[in-house]
Amino acid sequence: MAYYQHKLAEKLTILNDRGKGVLIRMNYIKKTCTHPKLRPSFLTDKSLEPAIKYINKKFPNVDYRGNNQHLTGIQRQKGDVMTVTLSYYQSFLDVLEFRDHVYELLNTIDACLCYFDISVNFDFTKSYLDLITTYTSVIILLSRIDDRRALVGMYNCAHEMTSGTSDPSYPRLGQMFVEYEHPWKKLTEEFGPHTRSVTEALLSLHRVYPRRNLPPESWRSAQLLSLFSAPATMLDPPCCDTIACEYLSMEVMERWIILGFLLCHSSLNSNAAAHELWKMGLRSGLYLTLIREESLNIHKATEEVFDNIKGYGKRIADIKECREYAITNCGATHRERRQYLRGALTELANVLEDEPGLLGPKALFVLMALSFSRDEVLWLARHSENIPKTKTPEDYVDNHLAELLFHMLKLSALMTKHRYVLQRYHVQYLAQFDALVLNDTIQNMHVCPEEESILTSSFVSTMSALSIKQVERKEEFDFTALRLDWLRLQAYTSVNKAPLALKEYPDLAKVMSLTQFHTRMVDNVEEMLTEVSDLSILCFYPRVFEKMFMLCNGEAAMKRYLMAFPMVCSHFSRSGHPLCPEEKEAIQKKSLRLCVTFLEHMAKQTCSVILEICAEQCNLNDKLLPKHCAETISKARIRNKNQKKPVAKKGELQKEKPGAESLRKDRAVVTNMDKMHYNLTEMCTAYSFCSDFIVFDHIVVPTEFLLSHLETRLSEVIVRMAKVGQQTTQEEIKRPSDLLAAVRAYMSCLQSLSSYMNVDVSRLTKSVLLQQTQPLDAMGQVTITSLYTNWYLEGLLRQASTSQIAHCPNMHCFVNHASEHQQAFNAEEYSDITELRALAELIGPYGLKFLSENLMWHITSQVSELKKLVSENMDVLVQMKSNFDKPEEMASLKRRLPGGENVLKRMTIIGVILSFRAMTQEGLKESLHKHCPYLMGPIESLRDFLSPETDIKDTMKVFELASAAGLPCDIDPALCAAMASMRTDNTSLEEEYKLSCLLLVYIAVSLPVLALDDNSVYSHVHGGHNNNIHCLATAVNQLAAAMFTIQNKNIEQHLKEFLLLASSTLLQLGQNEDRLEIKNRDSVYLLLHMIVEESPFLSQDMLERCFPYALLRNAYRQVFKTINIITIG
């Protein structure tokens, strides 16, 4: 009964997990001590250098007592040194404790003369070999930490200086460091007594490893992993004596063989099978993984160990021969394996995706495929980091790896997705087959002790109790206890002289191995998938992983599989261990960085292709615009007149008509557009594989990366299209209608993206276009709103203010004046109804609001200057206001009033700006009527419902709403807000009111000055004056309405006063006989009519009371007569 008390199964399970944690901890310490940024600060402290050198020299017998000058640095910082080195010291104590427990367990196993056979007691043998390789890896990694002596010695020194005594564990820990200074020598000595057990366990691999380590030609001839190789047996479950060995990792077996025979090398000389197995392992590759990126050069390490042993010359020759073989053949062999696996996994994934019911009987095929593929990927990763000198270095790179990774992930996803299919199948298998076979096997056993009988009976009862209804009710299954009991039973039945020897009952081992596999398929699919397909080690090969991605990205056929790379990053969270929580944050950052790098690169490429297609479609759409038809029409007219086909000039290229690109003479000819659409299809297929996945605690949505890049790039493209030259100046900007046509072409092309993959294109376009209505986009870059605002202010309106461009009310646009200097642009092409409507479509209400704010800023600048002029001439203006009906006094006061031209010029500028704003508002109104007529109707009704009796605050709120919708209002709310913001604390409301009244006086008494200007000629064609003075009507009406609204005064009364004063002044102009002063008198008279006509507060009756209608009629007749004479002449 002693072997029950040894708890071999429990100890193996616990020590393997503990050993993995200790190994990861050693790896973390090694990386920390070698990384320049993570290295402990005291190791690089100059003041501690003498102490570190002294400790390394004297270790482990360091004299910490006495007045040792070398250790004064530690004496000063003993508290800090002890705090920092404590975690390292405890980690090394963990190694010591782990070693002691491993020693004890290995000695116990040897004392029990345990039997090991991978095909009989698989779990027991695997746990034993795993413990040996883990322990060896810990010791090797410990020896690679160069600062281990300094860390332990400094802690003990600080401990003794603090408490007066050394740490109790220090002597044993120091002795361990000394013993493992040359680790392989000590390890081979330690494992000498364990040679029998280790060799027996390794030799059991002779029935598994050679069968798994076949060349790719044998795989092809056997049609490995193919479901179609035997169609008649497609629904049959696999029949195998060693089912767990079928998906056992080749890398794990090679690690067992190489490290096991290196520790117990005497077997190589005494056993031919061991020698053959060892050579096969040496030929499989050049490097072996200890943990993560820490690898072992197997040939070099083995040769170094055997060099120090007498009589091993033949073994060294074998090593050299195997190394040459590996360098020559290994790369090509593994390349061919990966090529075969790509095809096999593709077939397997397609069949199982189409018929997921086959996952039940063929789950083993999936696990084998994933295990084989994982082995090949990891082999490539560790050898790509250390490519040997070979004639074929291309064997160590794979630009088709993405396909293999993709199908690995796809198979894993299928297994997870159809988990209930697996459960349903295997629950029935366990209850209706495994339980019956196991019961028969137990009945046929000759001997079955009580403990073993209890375990086997519990197996049968557990499986017999299973029902398909449990799956239908979605109950949670847990067979962990059953599997652990089976491991216990293996341990009990594998010791020497056990009453029930498992090796004598191979049928029991076979049925329990099958049962264990079936239970894992029911309750542990995720862990099984992790075991056979975990690629978390790639997190520690970031350079290799990125290189693999870039190589695959260069292949057009691999683009559809590229999503596998960022999805592999979701595996990286499995690489941690509770014994080393410090590294979680670093691994998380590395994982997210790699994932984001891949997705960003994919998004950039996809975005470039999409925008190239959009640009091509935009060019094709541009050819269909009406502006390009003039040349075609002209040629057609000439052809109709001559009735002959025009002869093309020599060297002149024949211009293709729109649509010629669609004519195909041969489908084999691939155009650039075909290539772009092919690339887009491939890239979008990658995005369609997975909508989202989790990397640590972050949910990653790949399409969001694409949309983000598209949003940024599309904004840049729209702004770039608006610019005609490299830098947009006053003369270089695209017409709004042309840009609108281009933007619509882009948007319609982008809509087709939703047919390639599931992405919300509408949200993208709305976001981009909405950002373009703001002065800056989300990235802080200039938008078309800013570009057009600056251009219209600096390019169009500035020239209109100097009369180089005229406002044309008849045509609702601005036009160029005929002059010697040709204008850089045609004003009509940028300011007619079509263009301003297109501008409203492009920048929307928000953009036009920004434009309006800038216009108002220019208006307030002019009003500020006007108020200064009024303040300077306030006394004269007050007298003129009270004596306007006395011609003699007015004449003398007028001579004392300077700056009349300046006032009118500034008012004209204000009028031009307000006229332009009214045109943009009209474009906005038409745009909104088109897009939301049901919204515009109520707003118009609300505006029309207002009456003069309505409270001014309510009136202004309604006007603000109406103005935002582009509707004209009696009082401009934007102008009111701008004027209100001008008021400072220094001026009272009465002073502002006085300035406003006198400003109207100043304007009225200055009107006769306009008759002296040669450009004050009224143009019948334009419906205005050549120097834009007709805009004074708009300026006077709107400015007066805004000023007196703010001051809460009667607008109508003050405009009547202005009309009376202006009429009196202009009537005095009629009495002047100077021909120069009355040259354009008739044109100026028309201003009064325009002011009244545009004002909602004045009427023709009011005008007729102060200015004879006969004069206006004569003025119109004279103006039109002059035009006719000029036209006839």
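**Exercise 1. Name the residues that lie nearest the centre of the largest pocket.**

Solution. Start with the lining: the largest pocket is lined by 50 residues, with K20, K126, D130, V252 and E531 nearest its centre. (On a 1 Å grid over the protein atoms alone, a pocket is an open set of points with protein on both sides within 12 Å along at least five of seven lines, a cavity is a set where a 1.4 Å probe fits but cannot get out, and lining residues have an atom within 4 Å of a point.) Keep in mind that this is a predicted model, where local features need pLDDT of at least 70, side-chain atom pairs count only at pLDDT 80 or more, and totals for chains, interfaces and linings use all residues. Residues are numbered from 1 along each chain as its sequence is written, and side-chain values use heavy atoms, leaving out hydrogens and water.

Next, the volume: about 2000 Å³ for this pocket, counted as the space filled by probe spheres set on grid points joined across faces, edges and corners. Helix α6 (residues 122-143) gives the most to the lining, eight residues; helices here are DSSP runs of H or I with at least four residues, strands are E runs of at least two, and numbering goes from the N terminus. Last, sort by class: 20 nonpolar, 15 polar and 15 charged. (Ala, Val, Leu, Ile, Met, Phe, Trp, Tyr, Cys and Pro are nonpolar, Asp, Glu, Lys and Arg charged, and the others, Gly among them, polar.)

**Exercise 2. Work out which element gives the largest share of the lining of the largest cavity.**

Solution. Eight cavities reach 30 Å³ or more, and the largest one holds about 90 Å³. Its lining is made up of L380, S384, Y396, V397, D398, R543, V544, K547, M548 and L551. Two elements, α19 (363-384) and α27 (542-553), give two or more residues each. The winner is α27, with five. By class you get six nonpolar, one polar and three charged residues.

**Exercise 3. Describe how α25 and α26 cross.**

Solution. The axes of α25 (residues 506-523) and α26 (residues 525-533) come within 6 Å and cross at roughly 110°. That makes the pair roughly perpendicular. Now list the partners: F517, R520, M521 and D523 of α25 meet V525, E527, M528 and E531 of α26, where contact means heavy atoms within 4.5 Å. The contact residues divide into four nonpolar, no polar and four charged.

**Exercise 4. Find the backbone oddities at P60 and Q223.**

Solution. Look first at the F59 to P60 peptide bond: it's cis, with omega near 5°. P60 sits in the loop between α3 (49-58) and α4 (72-76). Then check Q223, a residue other than glycine with a positive phi near 50°. Q223 is in the loop between α12 (216-222) and α13 (243-246).

How values were computed:
Axes fitted to C-alpha atoms, helices over the stretch in contact; angles between N-to-C directions. Parallel < 35°, antiparallel > 145°, perpendicular 65-115°, else oblique.
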